[in-house]
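Visitor: Please take one part of this predicted model and go through it closely. Start with the charged side-chain contacts and work inward from there.

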Amino acid sequence: MSRDAALEHPGLEGLNHNFLTGSLEELVKWARTRSLMPATFGLACCAIEMMAAGGPHYDIARYGMETFRASPRQADLMIVAGRVSQKMAPVLRQIYDQMVEPKWVISMGVCASSGGMFNNYAIVQGVDQVVPVDVYAPGCPPGPQTLLHAILTLHGKIRDGELTRRPGEGAGLVVERLDGQAPTPVTLGRG
């Protein structure tokens with residue numbers, strides 16, 4: 001660029017108004033996908049599969065999620081793994097309310113998604129009656145591959161910015177099973 005052309009160059013005033021904010025927004029979405037901190041909320045056999053996803057074979061650490069948080073104030077992702085009893089529902093909601101914003105929820109397993117085989121008064125017939133669910137991972141229990149698929153689906157939705165446009169509602173996405181088991185029909189709690 002010649003000296004005269006450099007003097008005539010408009011500098012920052014010549015940039016499109018949305019250039020800087022668009023880039024900053026993309027950077028924030030990128031950072032959110034790579035810094036999800038899951039809260040430990042394993043209630044039944046699905047929790048064993050969730051723990052297996054943290055092991056060296058599946059290595060959830062490659063997504064920056066190797067440390068499950070014991071405090072909800074340090075977590076922004078709740079993985080509800082297993083059946084939720086009526087007595088546990090207020091505790092689940094309290095932990096969800098204490099989590100930092102923005103926050104997301106994965107319902108892991110058919111028991112968390114719809115009560116599973118426990119169609120009785122003691123079990124909540126879908127965790128979406130208590131907290132808004134973003135991704136459903138079907139199965140009884142879903143394997144670590146299905147949980148990783150649910151996490152990557154959530155990453156994609158965070159990266160697209162779709163989930164930040166509906167705060168507190170949940171996306172309600174159902175992912176396919178990738179663990180080689182027979183498909184399990186998923187009936188969501190709310191009809």
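Guide: The structure holds two salt bridges (Lys or Arg side-chain nitrogen within 4 Å of an Asp or Glu carboxyl oxygen). This is a predicted model, in which local features need pLDDT of at least 70 and side-chain atom pairs 80 or more, while totals for chains, interfaces and linings use all residues. Residues are numbered from 1 along each chain as its sequence is written, and side-chain values use heavy atoms, without hydrogens or water.

One salt bridge joins the side chains of D97 and R93, with N to O at 3.1 Å. Both residues lie in helix α4, four residues apart, which is about one turn of the helix. D97 is partly exposed at a relative accessible area of 46%, and R93 is also partly exposed, at 32% (buried is under 20%, exposed over 50%, partly exposed in between, with a 1.4 Å probe and protein chains only).

The other contact links E101 with K103, and here the closest N and O atoms are 3.5 Å apart. E101 counts as exposed, with 59% relative accessibility. K103, in contrast, counts as buried at 13%.

Helix α4 leads to the part to examine, strand β3. Strand β2 (residues 77-81), helix α4 (residues 89-98) and strand β3 make up a right-handed β-α-β unit (with the strands pointing away from the viewer, the path from the first strand over the helix to the second runs clockwise). Helices (H or I, at least four residues) and strands (E, at least two) are DSSP runs, numbered from the N terminus.

How many of the five residues of strand β3 are buried? Five of the five residues of β3, which covers residues 104-108, are buried, so the strand is largely enclosed by the rest of the structure. The cover is on both faces: W104, I106 and M108 are buried on one side, and V105 and S107 are buried on the other. In a regular strand the side chains alternate between the two faces of the sheet.

Strand β3 has a pairing with β2 and another with β4 (strands pair if DSSP finds at least two bridges between them). The pairing of β3 with β2 is parallel and extends over five bridges. Within it, L77 stands opposite W104, and M78 stands opposite V105. Strand β4 (residues 135-137) also runs parallel to β3, and three bridges join these two strands. S107 of β3 stands opposite Y136 of β4.

Strand β2 repeats the picture of burial. Five of its five residues are buried, so β2 too is largely enclosed by the rest of the structure. L77, I79 and A81 point one way from β2 and M78 and V80 point the other way, with all of these residues buried. M78 therefore belongs to an enclosed strand, and besides standing opposite V105 in β3 it is the bridge partner of A39. The strand pair behind that contact is β1 (residues 38-39) and β2, which run parallel and are joined by two bridges. The crossover from β1 over helix α3 (residues 46-53) to β2 makes a β-α-β unit that is left-handed, whereas the unit of β2, α4 and β3 is right-handed.

Another residue to set against β2 is C111, found in helix α5 (residues 110-114). C111 is buried, its relative accessible area being 11%. Its C-alpha atom is separated by 9.8 Å from that of V80, which is 31 residues away along the chain.

Turning to helix α6, it covers residues 144-160, 17 in number, which at 1.5 Å a residue should span 24 Å (1.5 Å times one less than the number of residues). The end C-alpha atoms of α6 are 24 Å apart, in agreement with that value. Its buried residues are P144, T146, L147, L148, A150, I151, T153, L154, H155, G156 and I158. Just after α6, G161 takes a positive phi of about 80°.

For the wider setting, the protein contains six helices and five strands. Along the sequence they follow the pattern α-α-β-α-β-α-β-α-β-α-β. Of its 191 residues, 40% count as buried; in strand β3 the count is five of five.
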